[in-house]
Amino acid sequence: CCPPGRRVQSSRLGPSPPRLLTEEEYRLQGEVETRRALEELRSFCQSPDFSAWTAVSRIQSPKRFAEFVGGASHVTPNEVSVHEREFGLESLFVDEQLFEEEEEEEEEEE
């Protein structure tokens with residue numbers, strides 16, 4: 001199969017580290033897995049094994065939960081807007097400005 005020297009060398013090095021995802025691959029995988037998990041949750045909530053009364057008695061918004069189980073989005077347009085403000089491109093611009101100001105203050109102190 002393989003030359004003996006080759007086998008010894010590979011066992012010393014151990015397994016190669018996994019390839020890291022690019023930002024785009026990470027974002028895409030997050031979207032795909034979130035959609036899959038939400039569909040799994042929706043299916044479970046529609047199954048006979050699910051105790052709807054127990055769940056409804058424990059959640060803040062039963063109407064919203066029922067809409068989700070029926071196929072509606074798991075987030076409201078307002079939540080999307082807040083998320084975009086906090087974590088979207090706008091927040092990156094604000095973060096950059098904050099870091100620049102902190103760096104300038106540190107330079108002035110020195």
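**Exercise 1: Arg42**

Task: In this predicted model, find out in which helix Arg42 lies, and decide whether Arg42 is buried or exposed.

Solution:
- Step 1. Locate the residue: Arg42 is part of helix 2.
- Step 2. Look up how accessible it is: the relative accessibility of Arg42 is 11%.
- Step 3. Compare with the cut-off: buried means under 20% relative accessible area, so Arg42 counts as buried.

**Exercise 2: The surroundings of Arg42**

Task: Leaving aside neighbours within four places in sequence, work out which residues Arg42 is in contact with, and over the face of which residue Arg42 lies.

Solution:
- Step 1. List the contacts: with those sequence neighbours set aside, Arg42 touches Phe68, Val69, Gly71 and Ala72.
- Step 2. Look for a ring: Arg42 sits over the face of Phe68, at 4.2 Å from the ring centre.

**Exercise 3: A cluster of rings**

Task: Say how many aromatic pairs the model has, and which residues the ring pairs link into a cluster.

Solution:
- Step 1. Count: there are 2 aromatic pairs.
- Step 2. Take the pair of Phe44 and Phe50: the ring centres are 5.5 Å apart and the planes stand at 75°. Over 60 degrees counts as edge-to-face, so Phe44 and Phe50 form an edge-to-face pair.
- Step 3. Check how covered these two are: Phe44 is partly exposed at 42% relative accessibility, whereas Phe50 is buried at 18%.
- Step 4. Turn to the pair of Phe50 and Phe65: the centres lie 6.2 Å apart and the planes meet at 40°, so this pair is tilted.
- Step 5. Place the tilted pair along the chain: Phe50 belongs to the loop between helix 2 and helix 3 (52–58), while Phe65 belongs to helix 4, so the pair ties together parts that are 15 residues apart in sequence.
- Step 6. Put it together: ring pairs link Phe44, Phe50 and Phe65 into a cluster.

**Exercise 4: Opposite charges**

Task: Say how many salt bridges there are, then examine the ones that Glu67, Arg36 and Glu25 form.

Solution:
- Step 1. Count: the model has 9 salt bridges.
- Step 2. Start with Glu67: its side chain meets that of Lys63 in a salt bridge, at 2.6 Å from N to O. Both residues are in helix 4 (residues 62–69), 4 residues apart, which is about one turn of the helix. Glu67 is partly exposed at 39% relative accessibility, and Lys63 is exposed at 62%.
- Step 3. Move to a network: salt bridges with shared partners join Glu24, Arg27, Glu31 and Arg35 into one network.
- Step 4. Next comes Arg36: its side chain forms a salt bridge with that of Glu33, at 2.9 Å from N to O. Because they are 3 residues apart in helix 2 (residues 23–46), Arg36 and Glu33 are separated by about one helical turn. Arg36 is partly exposed, with a relative accessible area of 44%, and Glu33 is partly exposed at 36%.
- Step 5. Finish with Glu25: this residue forms a salt bridge with Arg19, and their closest N and O atoms are 3.1 Å apart. Glu25 is partly exposed at 29% relative accessible area, whereas Arg19 is exposed at 60%.

**Exercise 5: The whole chain**

Task: Now step back and describe the secondary structure of the protein chain and the area the chain exposes.

Solution:
- Step 1. Count the elements: the chain has 6 helices and 0 strands.
- Step 2. Write them in order from the N terminus: α-α-α-α-α-α.
- Step 3. Look at burial: 9% of the 110 residues count as buried.
- Step 4. Add the surface: the chain exposes about 10100 Å², and carbon and sulfur atoms supply 56% of that area.

Key:
Residues are numbered from 1 along each chain as its sequence is written. This is a predicted model: local features need pLDDT of at least 70, side-chain atom pairs count only at pLDDT 80 or more; totals for chains, interfaces and linings use all residues. Side-chain values use heavy atoms; hydrogens and water are left out. A salt bridge is a side-chain nitrogen of Lys or Arg within 4 Å of a carboxyl oxygen of Asp or Glu. Buried means under 20% relative accessible area, exposed over 50%, partly exposed in between (1.4 Å probe, protein chains only). Helices (H or I, at least four residues) and strands (E, at least two) are DSSP runs, numbered from the N terminus. Contact means heavy atoms within 4.5 Å. Accessible areas come from the Shrake-Rupley method with a 1.4 Å probe; for residues, only the protein chains shown count as cover. Rings of Phe, Tyr and Trp (its six-membered ring) pair if their centres lie within 6.5 Å; planes under 30 degrees apart count as stacked, over 60 as edge-to-face and the rest as tilted. A charge sits over a ring if NZ of Lys or CZ of Arg is within 6 Å of the ring centre and within 35 degrees of the ring normal.
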